[in-house]
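Reader: I would like to go through this structure with you before setting up any calculations. Could we begin with the charged side chains?

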Amino acid sequence: MAQHLGYKNISKGIRRIDEFIQEVTLIEHIIKNLHIALDEPLSKVIDKLEETKREIAEEIKQKHEEKRKAKEEKRKNFKPFLYCVTQNKIPSTIFVAAITKSYLLKKVSLPVNFNQLSHLKKRAAILKAICEHYDFVQQRWDSKVPAFGEILAYT
């Protein structure tokens with residue numbers, strides 16, 4: 001095939017053919033000589049190449065649409081939350097964190113309809129969630145998340 005396409009260096013010709021097939025790279029030399037190698041009219045080869053180009057474009061378009069839908073689905077299912085920043089990023093004793101599941105205390109849920117709230121209502125919901133969480137931790141563990149230490153901030 002490489003010889004029929006006019007390549008003197010067969011190895012180079014094979015590399016170009018592989019590139020043409022696998023990476024769908026339109027190499028002008030191959031396009032000009034492909035009809036000779038296949039013993040087909042030039043117009044038929046060009047028509048098939050155009051058809052393949054349209055199919056590839058359609059596949060790419062479908063993949064983009066699928067990605068967009070997947071992102072949209074993730075956004076729709078996203079539940080907003082606050083993260084509690086503590087003195088220790090890693091629990092002081094992993095055993096205590098595993099038994100008490102104190103790592104769950106570091107995630108503070110926000111209302112499900114949070115994204116639909118106005119800016120002022122979002123601020124109020126965040127403040128309420130922080131106050132409730134901090135009061136809960138303060139009452140039960142003296143303002144310290146077990147194995148993680150004191151609460152420094154909420155993000």
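Author: A definition comes first: a salt bridge is a side-chain nitrogen of Lys or Arg within 4 Å of a carboxyl oxygen of Asp or Glu. Please keep in mind that this is a predicted model. Under that definition, Arg68 and Glu65 form a salt bridge, with an N to O distance of 2.5 Å.

Reader: How many salt bridges does the structure hold?

Author: The structure holds seven salt bridges. Besides the pair just named, they include Arg16 with Glu19, whose closest N and O atoms are 3.8 Å apart, and Lys76 with Glu73, where the closest N and O atoms are 3.5 Å apart.

Reader: Back to Arg68 and Glu65: what separates them along the helix?

Author: About one helical turn separates them, because Arg68 and Glu65 are three residues apart in helix α3, which covers residues 42-77.

Reader: And how exposed are these two side chains?

Author: Arg68 is partly exposed, at 40% relative accessibility. Glu65 is likewise partly exposed, with a relative accessible area of 33%.

Reader: What about the spacing of Lys76 and Glu73?

Author: Lys76 and Glu73 are also in helix α3, and since they are three residues apart, about one helical turn lies between them. Lys76 counts as exposed because its relative accessibility is 62%, whereas Glu73, at 38%, counts as partly exposed.

Reader: Which residues do shared salt-bridge partners join into a network?

Author: Glu65, Arg68 and Glu72 are joined into one network by salt bridges that share partners.

Reader: Where does the Arg16 and Glu19 pair sit?

Author: Arg16 and Glu19 belong to helix α1, residues 10-22, and are separated by about one helical turn because they are three residues apart. Arg16 is partly exposed at 27% relative accessibility, and Glu19 is partly exposed at 25%.

Reader: Let us move to the next helix. Which residues of α2 are buried?

Author: Helix α2 spans residues 28-38, and its buried residues are Ile30, Asn33, Leu34, His35 and Ala37.

Reader: What do those buried residues pack against?

Author: The buried residues of α2 pack against α1 and α3.

Reader: And what follows α2?

Author: Asp39 follows α2, and its phi is positive, near 55 degrees.

Reader: Turning to the strands, which face of β1 is covered?

Author: In strand β1, residues 81-86, the covered face consists of Leu82, Cys84 and Thr86. The uncovered face consists of Phe81, Tyr83 and Val85.

Reader: How does β1 run relative to β2, parallel or antiparallel?

Author: β1 and β2 run antiparallel and are joined by three bridges; β2 covers residues 107-109. Within this pairing, Leu82 stands opposite Val108 of β2.

Reader: And β4?

Author: Three bridges also join β1 to strand β4, residues 149-154, and these two strands run antiparallel. Cys84 has Tyr154 of β4 as its bridge partner.

Reader: Which residues form a nonpolar patch on the surface?

Author: Phe78, Phe81 and Tyr83 form such a patch, and together they have about 290 Å² of accessible area. Phe81 lies in strand β1, on its uncovered face.

Reader: Why does Phe81 count as partly exposed?

Author: Phe81 counts as partly exposed because its relative accessible area is 35%, and partly exposed residues fall between the limits of 20% for buried and 50% for exposed.

Reader: A different topic: Ser102. Where is it, and is it buried or exposed?

Author: Ser102 lies in the loop between α4, residues 94-100, and β2. Ser102 counts as buried because its relative accessibility is 1%.

Reader: What does its side chain meet?

Author: A polar atom of the Ser102 side chain lies 2.8 Å from the backbone oxygen of Pro146. Leaving aside neighbours within four places in sequence, Ser102 is in contact with Ala97, Val145, Pro146, Ala147 and Phe148.

Reader: One last loop position: Leu117. What does it touch?

Author: Leu117 lies in the loop between β2 and α5, the latter covering residues 119-141. Not counting residues up to four places away in sequence, Leu117 touches Lys122 and Ala125. Leu117 counts as partly exposed because its relative accessibility is 22%.

Notes: Residues numbered from 1 in each chain as written. Predicted model: local features only at pLDDT ≥ 70, side-chain atom pairs only at ≥ 80, totals over all residues. Heavy atoms only, no water. Buried < 20%, exposed > 50% of the residue type's maximum accessible area, 1.4 Å probe, protein only. Helix = DSSP H or I, 4+ residues; strand = E, 2+ residues; numbered from the N terminus. Pairing = 2+ DSSP bridges. Polar contact = N/O pair within 3.5 Å; in protein donor to acceptor, adjacent residues only side chain to side chain. Contact = heavy atoms within 4.5 Å. Patch = residues over 30% accessible without salt bridge, like charges linked within 9 Å, V, L, I, M, F, W, Y side chains within 5 Å. Areas by Shrake-Rupley, 256 points an atom, 1.4 Å probe, with all protein chains shown as cover.
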